[in-house]
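User: I'd like to learn how to read a few features off a model. Can you walk me through some of them, general idea first and then the case at hand?

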Amino acid sequence: MAKIHVETTINGAPTEFLCEANQTLLDVLRDQLGLTGSKEGCGSGDCGACSVTVDGRLVCSCLVLAPEAQGAKVETIEGMAQGDKLHPLQKKFVEMAALQCGICTPGFLIASRALLERNNNPTETEIRYWLAGNLCRCTGYDKIIHAVMEVAAEMRESAK
Amino acid sequence: MSNPPTNNPKYKWIGTRPDRPDGADKVTGRARFAADFNLAGQLIGKVLRSPHAHARIKSIDTSKAEALAGVKAVVTSRDFPEQPDVIVPAGEMQVNLRDVTRNIMAREKVLYEGHAVAAVAATNEAIAKQALALIKVNYEVLPHVIDVAAAMKPNAPLLHEHLMTEGAKPAAARPSNIAKRIEFAKGDTAAGFAKADVVIERDYTTQAVHQGYIEPHATLASASEDGQVQIWSTTQGHFQVRGFCARLLNMETSQIRVTPSEIGGGFGGKTVVYLEPLAVRLSQKSGKPVKMTMSRDDVFRASGPAPGADVHVKIGAMKDGRIVAAECTVAMQAGAFPGSPVGPACMCSYACYDIDNVFIVGYDVVSNRPKVAAYRAPGAPISSFAVESTIDLLAQQLKMDPIDLRLKNAAAKGTKTAYGVTFGTIGMVETLEAAKNSPHYKTPVKPGFARGVAAGFWFNVGADSSAAAHVGEDGTVTVISGNPDIGGSRASLALMAAEELGIDYDKIRPVIADTASIGFNFVTGGSRVTFATGLAVVNSVRDLIRDLKGRAAKTWGVDPEGVIWENGMAKPAGSNVGTFEPLTIAQLAATAGKTGGPINGHAQLNVTGAGPGFGVHICDLAVDADTGIVTVGRYTAAQDVGTAIHPSYVEGQLQGGAVQGIGWALNEEYIYNAQGRLANPGFLDYRIPVASDLPMIETVLVEVPNPTHPYGVRGVGEVPIIPPLAAVANAVARSTGIRMYDLPLSPPKLSAALDAARPLMAAE
Ligand code: FES
Ligand code: FES
């Protein structure tokens with residue numbers, strides 16, 4: 001069967017690729033486009049390591065078919081820093097040791113940014129539920145939650 | 001949140017919390033984990049796995065798969081040489097080479113569902129999958145056995161027809177599934193129980209659980225025509241990967257170069273080989289690089305989980321709480337091949353306490369499950385769950401505070417353990433006291449909640465480490481070691497190097513070298529890296545300083561004794577003081593060509609003197625009487641951590657370990673169906689804790705320095721998974737009045753117990 005031609009925008013850059021109808025967005029990102037920052041922890045939507053946004057919506061890219069990216073704006077971890085400037089969440093994660101092995105980190109950062117873009121004043125409980133789809137086996141979540149709370153506070157401060 | 005230790009004023013860098021050296025790479029997606037490595041022209045390798053729990057392989061026909069267009073190689077056990085019956089170390093465990101080759105690829109029999117029987121390499125994944133479907137395996141299905149108690153019965157199906165129980169008393173007359181019996185004894189328990197005022201005796205069970213690292217196993221191997229092999233892999237020990245591949249493929253270690261990727265969690269589970277030997281063999285046969293990754297399903301079914309066990313505990317105490325006799329029997333799952341961590345489970349069971357009369361027996365039992373692997377403090381959480389639950393029963397019966405009861409019996413310097421070691425400087429008492437004085441314990445339990453307490457012990461490990469320190473032309477320093485950084489160890493190694501050298505942390509670049517670029521290193525495991533590899537780094541830097549002082553002496557034309565090293569500079573000493581201006585590393589580096597060439601230091605050690613660690617956890621939780629759902633409301637982990645080199649990462653170890661233990665206590669378990677197949681091989685049904693399940697995890701770092709290490713380091717990663725199992729169960733018992741003896745305390749189990757205990761309502 002002929003491959004499907006997809007035109008999309010990834011991290012602001014117009015991008016084209018050919019894929020099979022049943023290929024996932026995660027596979028195309030990782031195996032065809034070399035964007036290996038999104039990770040595969042389960043391939044079944046249960047770990048969040050593959051989190052990206054599609055038109056601003058937080059999704060598991062392992063559950064999105066690659067042809068669905070047609071005409072959409074996809075944001076991955078590779079687009080989070082601006083030039084050599086890390087996103088405040090990226091900086092805070094390092095500063096507050098919110099990662100140990102780091103395999104879950106891209107997913108947590110993408111998911112946390114999606115939360116803070118909607119709500120820069122989340123409660124601890126709201127953060128915990130928003131991030132409940134992202135598994136981290138190393139940290140016990142404590143420092144991740146603290147880092148997100150801290151960045152939210154900074155965002156509110158600078159919005160004043 | 002956490003309680004940081006006061007930074008020891010005698011240090012400039014130790015105890016500070018700088019950004020980790022690999023931080024930017026890890027938050028930008030740049031860090032390369034195993035599945036992120038690719039080589040031009042690579043093939044995709046896939047494994048055919050047994051659908052049966054136990055079956056004889058009568059024949060394997062791979063001809064159709066081999067004929068499929070795009071298939072470049074197929075391997076079965078015929079492609080791996082037979083191995084001798086010898087035990088070799090594998091991380092924190094011991095393995096038999098004859099078994100290892102059978103575990104990576106089944107030979108006569110498949111012994112568990114998911115056992116590898118063949119592997120293919122093809123030009124893409126779709127073709128590789130098609131090829132697997134074309135392999136015909138003719139199985140003779142055999143009766144299987146999953147649980148320990150059933151596997152120990154005389155008429156149980158035998159996994160290994162020639163397995164005789166080692167250490168059996170009297171000697172085993174017939175083969176069985178009991179691979180080994182071990183025993184530790186101290187004093188006279190019969191006499192102890194005879195004088196005890198209270199004796200409590202109980203049976204407990206725990207289920208197999210998985211380490212649950214988020215990164216599945218993955219590897220990329222490239223064999224060349226001259227016999228050289230390169231491997232990129234996610235592992236806790238790339239030297240171990242090299243060693244196993246060399247043995248299993250009849251190669252020399254120097255022919256194999258293994259580069260560790262960043263590692264997405266391991267917790268002990270990545271100290272063994274599964275894919276690497278297959279990928280190498282497929283690459284050798286096809287002449288192409290071969291990449292293999294496990295699916296999550298593969299990880300659950302075919303990599304090594306931690307065992308479940310049946311544990312019997314009997315404790316006798318005087319009215320004042322003094323424990324006078326203690327027994328424990330642990331029958332532990334080894335999985336398909338002998339070698340469970342029943343040894344450490346037995347040794348750790350009563351190590352927190354100073355008890356005169358102790359008797360411990362362990363059985364290593366094979367059954368039709370994947371071969372178990374290490375998981376954080378292997379074995380200890382299991383025996384500790386049983387012992388610490390029983391101690392809680394004792395506290396309830398004697399109406400004593402659970403921490404006071406433990407203080408009454410706490411091990412201290414000079415305590416002789418049941419396994420024969422006499423403790424040096426340890427921090428069990430200090431940790432209990434710190435827990436008792438923690439903000440958490442001093443706060444009354446909230447209405448609706450109940451509080452549980454438990455303790456735990458782990459030996460910690462030293463072993464072999466090599467390190468090197470190189471000075472660049474500009475005076476900055478590269479520190480090279482050989483242990484994959486699984487949780488921030490680059491930062492702690494760089495901190496120790498900065499402290500030694502007297503230069504800034506960011507002038508030091510820690511690098512993890514492949515197997516060809518640094519001397520041998522034992523695995524990242526047993527909580528040894530910051531301790532043992534840290535010591536190698538310190539010694540390599542001291543070697544470097546010796547070299548630097550020599551260069552200054554040469555520059556000044558004085559004896560090396562006339563130079564001291566201070567604040568990152570060579571300074572004249574003794575009678576030379578005031579004669580010369582100090583020389584910085586940068587200045588010495590600039591003139592290195594005239595003083596003897598490159599300036600390097602190195603060290604290689606077999607490190608002993610690991611300081612044991614103790615932890616005490618406090619858990620407040622509520623139980624929903626209708627659903628059996630447990631809500632953890634507050635949690636504190638106190639531990640003697642030696643010296644916290646980078647306190648944030650020490651806290652992180654305590655928090656992460658505690659949460660894994662909470663998962664073990666509340667939800668996690670391998671569930672097998674009647675056919676002996678795993679019923680929950682995914683994160684949906686094997687539920688690890690998520691953020692919304694948990695409160696913040698408070699930590700209390702108790703610094704009781706390890707006297708054998710220059711900075712007092714003790715391993716910290718293992719202990720925190722031990723206490724949570726009983727801390728949670730003890731809190732549940734105090735909350736509901738029902739003591740649960742079988743883990744996990746999952747909602748269905750707990751609600752059934754609650755229902756059974758509820759007085760029957762009169763029918764209306
Ligand atoms: S890989 Fe997509 S959710 Fe786990
Ligand atoms: S840091 Fe390892 S899984 Fe989150």
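Analyst: Sure. Let's start with burial: a residue counts as buried when its relative accessible area is under 20%. Keep in mind that this is a predicted model.

User: Okay, so which residues of H10(B) are buried?

Analyst: They are B:Val342, B:Gly343, B:Pro344, B:Ala345, B:Cys346, B:Cys348 and B:Ser349. Helix H10 of chain B runs over residues 342–349, and with 7 of its 8 residues buried it is mostly covered.

User: And what covers the buried residues of H10(B)?

Analyst: The cover includes four strands and a helix of chain B: strand E9 (178–186), strand E16 (323–335), strand E17 (358–366), strand E18 (450–458) and helix H11 (380–398).

User: Now helix packing. What describes two packed helices?

Analyst: The angle between their axes and the distance between the axes. Take H11(B) with helix H20 (residues 724–736) of chain B: their axes cross at roughly 35° and come within 8 Å. The crossing of H11(B) past H20(B) is right-handed. On the H11(B) side, the contact uses B:Pro381, B:Ser384, B:Phe385, B:Glu388, B:Ser389, B:Asp392, B:Ala395 and B:Gln396. H20(B) brings B:Leu725, B:Ala726, B:Ala729, B:Asn730 and B:Arg734. Sorted by class, that contact of H11(B) with H20(B) has 6 nonpolar, 4 polar and 3 charged residues.

User: H20(B) also packs with H19(B), I see. At what angle do H19(B) and H20(B) pack?

Analyst: About 55°, with the axes 8 Å apart; helix H19 of chain B covers residues 647–666. H19(B) is therefore oblique to H20(B). This crossing of H19(B) and H20(B) is right-handed. From H19(B), B:Gly657, B:Ala658, B:Gly661, B:Ile662, B:Trp664, B:Ala665 and B:Leu666 meet B:Pro724, B:Leu725 and B:Val728 in H20(B). The contact of H19(B) with H20(B) splits into 8 nonpolar and 2 polar residues, with no charged ones.

User: Let's try chain A. How are H2(A) and H3(A) arranged?

Analyst: Helix H2 (residues 88–95) and helix H3 (residues 105–118) of chain A have axes 10 Å apart and pack at about 130°. Angles over 145 degrees would count as roughly antiparallel, but H2(A) and H3(A) are oblique to each other. Their crossing is right-handed. H2(A) makes the contact with A:Leu89, A:Gln90 and A:Phe93, and H3(A) with A:Thr105, A:Phe108, A:Leu109, A:Ser112, A:Arg113 and A:Leu116. By class, the H2(A)–H3(A) contact has 5 nonpolar, 3 polar and 1 charged residues.

User: On to backbone oddities. What's the usual picture for phi and peptide bonds?

Analyst: Most peptide bonds are trans, and most residues other than glycine have a negative phi. A:Ala97 has a positive phi of about 55° even though it isn't a glycine. A:Ala97 sits in the loop between H2 and H3 of chain A, and it is buried at 4% relative accessibility. In chain B, B:Arg376 is another non-glycine with a positive phi, near 25°. B:Arg376 lies in the loop between E17 and H11 of chain B and is buried, again with 4% relative accessibility.

User: And where are cis bonds found, such as the one joining B:Lys169 and B:Pro170?

Analyst: That bond has an omega of about -5°, and B:Pro170 is in the loop between helix H5 (148–152) and E9 of chain B. A cis bond with omega of about -5° also joins B:Leu743 and B:Pro744. B:Pro744 is in the loop between H20 and helix H21 (747–757) of chain B.

User: What is a disulfide, in general terms?

Analyst: It's a covalent bond between the sulfur atoms of two cysteines. A search of the whole structure finds 0 of them over all chains. As for individual cysteines, A:Cys62 is buried at 8% relative accessible area, and A:Cys136 is buried at 4%.

User: One last residue: is A:Val6 buried or exposed?

Analyst: Buried, at 0% relative accessibility. A:Val6 belongs to strand E1 (residues 4–10) of chain A. Leaving out residues up to four places away in sequence, A:Val6 touches A:Thr15, A:Glu16, A:Phe17, A:Cys19, A:Ala66, A:Pro67, A:Ala69 and A:Gln70.

How values were computed. Residues are numbered from 1 along each chain as its sequence is written. Chains are lettered from A and ligands numbered from 1 in the order in which they are written. This is a predicted model: local features need pLDDT of at least 70, side-chain atom pairs count only at pLDDT 80 or more; totals for chains, interfaces and linings use all residues. Side-chain values use heavy atoms; hydrogens and water are left out. Axes are lines fitted to C-alpha atoms, for helices over the stretch in contact, and angles run from 0 to 180 degrees between N-to-C directions. Helices (H or I, at least four residues) and strands (E, at least two) are DSSP runs, numbered from the N terminus. Angles under 35 degrees count as roughly parallel, over 145 as roughly antiparallel, 65 to 115 as roughly perpendicular and the rest as oblique. A crossing is left-handed if the near helix is turned anticlockwise from the far one by less than a right angle, and right-handed if clockwise. Contact means heavy atoms within 4.5 Å. Ala, Val, Leu, Ile, Met, Phe, Trp, Tyr, Cys and Pro count as nonpolar, Asp, Glu, Lys and Arg as charged, and the others, Gly among them, as polar. A disulfide is a pair of cysteine sulfur atoms within 2.5 Å. Buried means under 20% relative accessible area, exposed over 50%, partly exposed in between (1.4 Å probe, protein chains only).
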